[in-house]
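Open your viewer and follow along, one selection after another. Each stop says what to pick and what you will find there.

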Amino acid sequence: MRYFEVTLKATSCNETVNDVLSAFLGEIGFESFVEEADGLKAYIQEPLFDETALKETIASLPIENVTISYTFELIEDKDWNEEWEKNYFQPIAIDNRCVIHSSFHKDVPRAEYDILINPQMAFGTGHHETTSLILEQLLDAELQGKSLLDMGCGTSILAILAAMRGANPITAIDIDTWCVENSKENILLNNISNISVELGDADSLKGKGPFDIVIANINRNILLRDMESYTACMVKGSEIFMSGFYVDDIPLIQKKAESLGLEFVSYKEKNNWAVVRFIMK
Ligand SMILES: C[S@@+](CC[C@H](N)C(=O)[O-])C[C@H]1O[C@@H](n2cnc3c(N)ncnc32)[C@H](O)[C@@H]1O
């Protein structure tokens, strides 16, 4: 998947301006943000970019005496993680029970669950709050023999831990071909044989399931749009874990979930990112 990189500069930039800007851009589909001294870089999937919506969003920002200018470019697919992976990706431990590392790491601490991830261009090493929040949920949940769907699987890190904890069978789906390829590679690296990986989005769920557990770490707008397709693959007692949004977004997510017959179970947060757990009534 190619992304547009939009560089936004504010005449007066501070944390509040960046927070408001990223919250509003999140509403029109921007997925990730990098703070800069004088503004933000914001990233959105190529098909979702709409310059008119961007202009309207900037015009509607509730911040006074600040002018925002922007430039944008389509960035070519490249191995975004390569440098980071070589230089910064350190093994990470979740709840002292699960360690995630790459094949080049030496002296990896021992843990009950040892996950090998070579992420390349896919998202999901356990370092992002949303990934680690769902990993923690999976460590606590009863997964033995349960069928599971990992929607927006990235590296398939979540599906791999679920398989190690006994979930079976597992379907992992991502809209991005790089993620599908990388998932297959990581699944092989971890000697897992019960995860089927597919390229697709919510439309590819028709006729699948029912799943006992659904996990989806994507973003607020995609979850709101596609949750109905996820719940169509669930039955009474099925659970869903969702992340990829902020604590402030929980009421919106909860309202949508409840309209689809889900009951709120719990939430957890880390640095303002949230994971929520619902059960089908
Ligand atoms: C935040 S990453 C999560 C990756 C991994 N599951 C994790 O927890 O680290 C979101 C993933 O969702 C995928 N994605 C984005 N839109 C999607 C859609 N409509 N349907 C399925 N996957 C999607 C992206 O390609 C990306 O790999």
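**First stop: helix α4**

Keep in mind that this is a predicted model. Select residues 129-140, which form helix α4. From its first C-alpha to its last, this 12-residue helix reaches 17 Å, close to the 16 Å expected at 1.5 Å a residue. Now show the side chains: which residues of α4 are buried? They are Thr130, Thr131, Ser132, Leu133, Ile134, Leu135, Gln137 and Leu138.

**Second stop: around the ligand**

Stay with α4 for a moment, since the largest share of the shell around the ligand, 3 residues, comes from this helix. Next, add α5 (157-164) and β9 (170-174) to the selection; α4, α5 and β9 each supply at least two residues of that shell. Which of the 22 residues around the ligand come nearest? Pick out Gly124, Thr131, Gly152, Gly154 and Asn217. Thr131 links the two stops: it is one of the buried residues of α4 and also among those that come nearest to the ligand. If you colour the shell by class, you will find 12 nonpolar, 7 polar and 3 charged residues.

**Third stop: a helix pair**

Now select α7 (residues 220-231) together with α8 (residues 250-259). Their axes lie 10 Å apart, and the helices pack at an angle of about 10°. With angles under 35 degrees counting as roughly parallel, α7 and α8 are therefore roughly parallel to each other. To see where they meet, show Arg220, Leu223, Leu224 and Met227 in α7, then Leu252, Ile253, Lys256 and Ala257 in α8. By class, this contact has 6 nonpolar and 2 charged residues, with no polar ones.

Key. Residues are numbered from 1 along each chain as its sequence is written. This is a predicted model: local features need pLDDT of at least 70, side-chain atom pairs count only at pLDDT 80 or more; totals for chains, interfaces and linings use all residues. Axes are lines fitted to C-alpha atoms, for helices over the stretch in contact, and angles run from 0 to 180 degrees between N-to-C directions. Helices (H or I, at least four residues) and strands (E, at least two) are DSSP runs, numbered from the N terminus. Angles under 35 degrees count as roughly parallel, over 145 as roughly antiparallel, 65 to 115 as roughly perpendicular and the rest as oblique. Two residues are in contact if their C-beta atoms, placed from the backbone, lie within 7 Å. Ala, Val, Leu, Ile, Met, Phe, Trp, Tyr, Cys and Pro count as nonpolar, Asp, Glu, Lys and Arg as charged, and the others, Gly among them, as polar. The expected span of a helix is 1.5 Å times one less than its number of residues. A residue is buried if 20 or more other C-beta atoms lie within 10 Å of its own, exposed if 12 or fewer, and partly exposed in between; C-beta atoms are placed from the backbone. A residue is near a molecule or strand if its C-beta atom, placed from the backbone, lies within 6 Å of it.
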